[in-house]
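Reader: Hey, could you walk me through this one? I'm new to reading structures.
Author: Sure, let's have a look together.

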Amino acid sequence: MDEQLNTRLMAWVSFFNDPLWDFLVVFLVVVGVFYTLLTGAVQIRLFLHSIRVMKGSRKEGDDQHGITPFQAFVTGLASRVGVGNVAGVAIAIAIGGPGAVFWMWFTAFLGMSSAFVESSLAQLFKVRDHQNQQFRGGPAYYITQGLKQKWLGVVFALSLILAYGFVFNAVQANSIVDATAHAWGWDRANIMLDLGGLGFEVSWVGVVLVIMTAAIIFGGIKRIAVVAERMVPLMAVLYLAVALYIAIINFSILPDIFKLIFTEAFKFDAAAGGFFGAMVSMAMMQGIKRGLFSNEAGMGSAPNAAAASDVKHPVDQGLVQMLGVFVDTFVVCSCTAIIILASGLYHEAGFEGVTLTQMALVSQIGSWGDDFLALILFLFAYSSIIGNYAYAESNVQFINNQPKVMFVFRLLVLAMVYFGAITSVPLVWSMADLSMGLMATINLFAILLLTPFLRMLLKDYSSQLKKGIKEPEFKIDKYPELKKKVDSDIW
């Protein structure tokens, strides 16, 4: 692309992007506070119960056309746990200081309530695919059925398809190639093809990624769910094990690390000016922004996977998806934070993103830390590709559920995976931020307008728990006013 055109496009995207995200960061926090209060702090009150629901959700439900709640949980987690958990945390600490970690936790705590709401609503308004009878749903569906605004549902779907179906997958593929090239010296393009006298360089890493992705996405949501069910726990345990080892060998300084996180989060710097001071405002903004990018709570992405599961009550899946935010930030992101802060390398100028995490790992566990992080990044990024695809597939089906359209869409996804493997994508990343910001704004306003349905669901669920019913079941016959808006064949 012409450099001048690229600069001009970046300027236009930033013109819309910057004010949108300045508003959105505040809006997401406000919505999180609102739902925390409205639900009586559901993320605390029903946290232990949500673990029991998740643990008991691995078995198949009564309807074999749905995936299990646990599969929906790990499919959502597959998209959430990605490069942001490694690079995003490092960037937050490098720019905002250790205090940024506290604000990531703060954002995740509030976000758990937003995630609970959007996934519960996705379950309530889910539909059956007439071709294969599988469940599908998400914000596009509850906007259309609950708010009767089909056009807005289409706008949301298009925004999500652009961000998660295409651009984010290119970015994840780019991260895989960068990590393997840095650790093992694999070049981006290292195969020469001679076609009719024309020479082409082909990235064999890109080709392998395309083949691996095609093998999964052409199997649909069920195959994605099965792969995610096996891959996500493995990669999480591997990363957690190394972080735990680093925590153990640095046990004596752990209290100092946590003290640093809390004191830096609320540290005022009057000399820097501003209401909070430069350091505090930077820690807050970096922590909140990176936290939101990582856990995706309120963004409208995870509900697309949540709607595909077979549960007895919509609130069950809301509780399970709420745990996804907890695992993403309080577990995985905290692992990265401990690795970086224990090393002390965040003070070093020039270390940022994946490089900072790599250097921190090497300083703690030796040179094999570079190889280990490349492997973990591959698992994180690859799982994100198939998780992102699962979100986008549901929204393509919402717009047009013809097999030919789905086939072309899958080919375009593979093309973007290969594109990400051979090029840098700063412009398309900014465009994805813009489209994700748009979809998040639409989703937040939608769930606020659908709050009465959420209150009804939570009241129904809580009343059954109080009666001693261990597995509450939603019966739509008790709510005749819902039958006009909800697929009563499911409930």
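Reader: Which residues are buried in α9?
Author: In α9, the buried ones are Val-205, Gly-206, Leu-209, Val-210, Thr-213, Ala-214, Ile-216 and Ile-217. Buried means under 20% relative accessible area, exposed means over 50%, and partly exposed is in between, with a 1.4 Å probe and protein chains only. They line one face of the helix, because they fall within an arc of 165 degrees seen down the axis of α9. That arc is taken from the directions from the helix axis to the C-beta atoms.

Reader: What should I know before trusting this?
Author: This is a predicted model, where local features need pLDDT of at least 70, side-chain atom pairs count only at pLDDT 80 or more, and totals for chains, interfaces and linings use all residues. Residues are numbered from 1 along each chain as its sequence is written, and side-chain values use heavy atoms, leaving out hydrogens and water.

Reader: And what counts as a helix?
Author: Helices are DSSP runs of H or I with at least four residues, strands are runs of E with at least two, and both are numbered from the N terminus.

Reader: Okay, α3 next. Which residues there are buried?
Author: Helix α3 covers residues 47-55, and Phe-47, His-49, Ser-50, Val-53 and Met-54 are buried in it. They sit on the same side of α3, because they cover an arc of only 155 degrees around the axis.

Reader: What's on the face turned away from that buried side?
Author: The exposed residues Leu-48, Arg-52 and Lys-55 are carried there.

Reader: New topic: how many salt bridges does a search of the whole structure find?
Author: Three. A salt bridge is a side-chain nitrogen of Lys or Arg within 4 Å of a carboxyl oxygen of Asp or Glu.

Reader: Which residue does Glu-471 pair with?
Author: Glu-471 pairs with Lys-312, and their closest N and O atoms are 3.1 Å apart. This pair links distant parts of the chain, 159 residues apart: Glu-471 is in the segment after α19, while Lys-312 is in the loop between α13 and α14. Glu-471 is partly exposed at 47% relative accessible area, and Lys-312 is partly exposed at 37%.

Reader: What about Arg-410, which residue does that one bridge to?
Author: Arg-410 bridges to Glu-393, with the closest N and O atoms 3.1 Å apart. Arg-410 is in helix α17 and Glu-393 is in helix α16, 17 residues apart. Arg-410 is buried, with a relative accessible area of 13%, and Glu-393 counts as buried at 5%.

Reader: And Lys-478, what's its partner?
Author: Lys-478 forms a salt bridge with Asp-460. Lys-478 lies in the segment after α19 and Asp-460 in helix α19, so the pair ties together parts that are 18 residues apart in sequence. Lys-478 counts as exposed at 52% relative accessibility, whereas Asp-460 is buried at 2%.

Reader: Switching again, how many disulfides are there?
Author: Zero. A disulfide here is a pair of cysteine sulfur atoms within 2.5 Å. Cys-333 is in no disulfide, and the nearest cysteine sulfur, that of Cys-335, is 9.1 Å away.

Reader: Is Cys-333 buried or exposed?
Author: Cys-333 is buried, with a relative accessible area of 4%. Cys-335 is buried too, at 6%.
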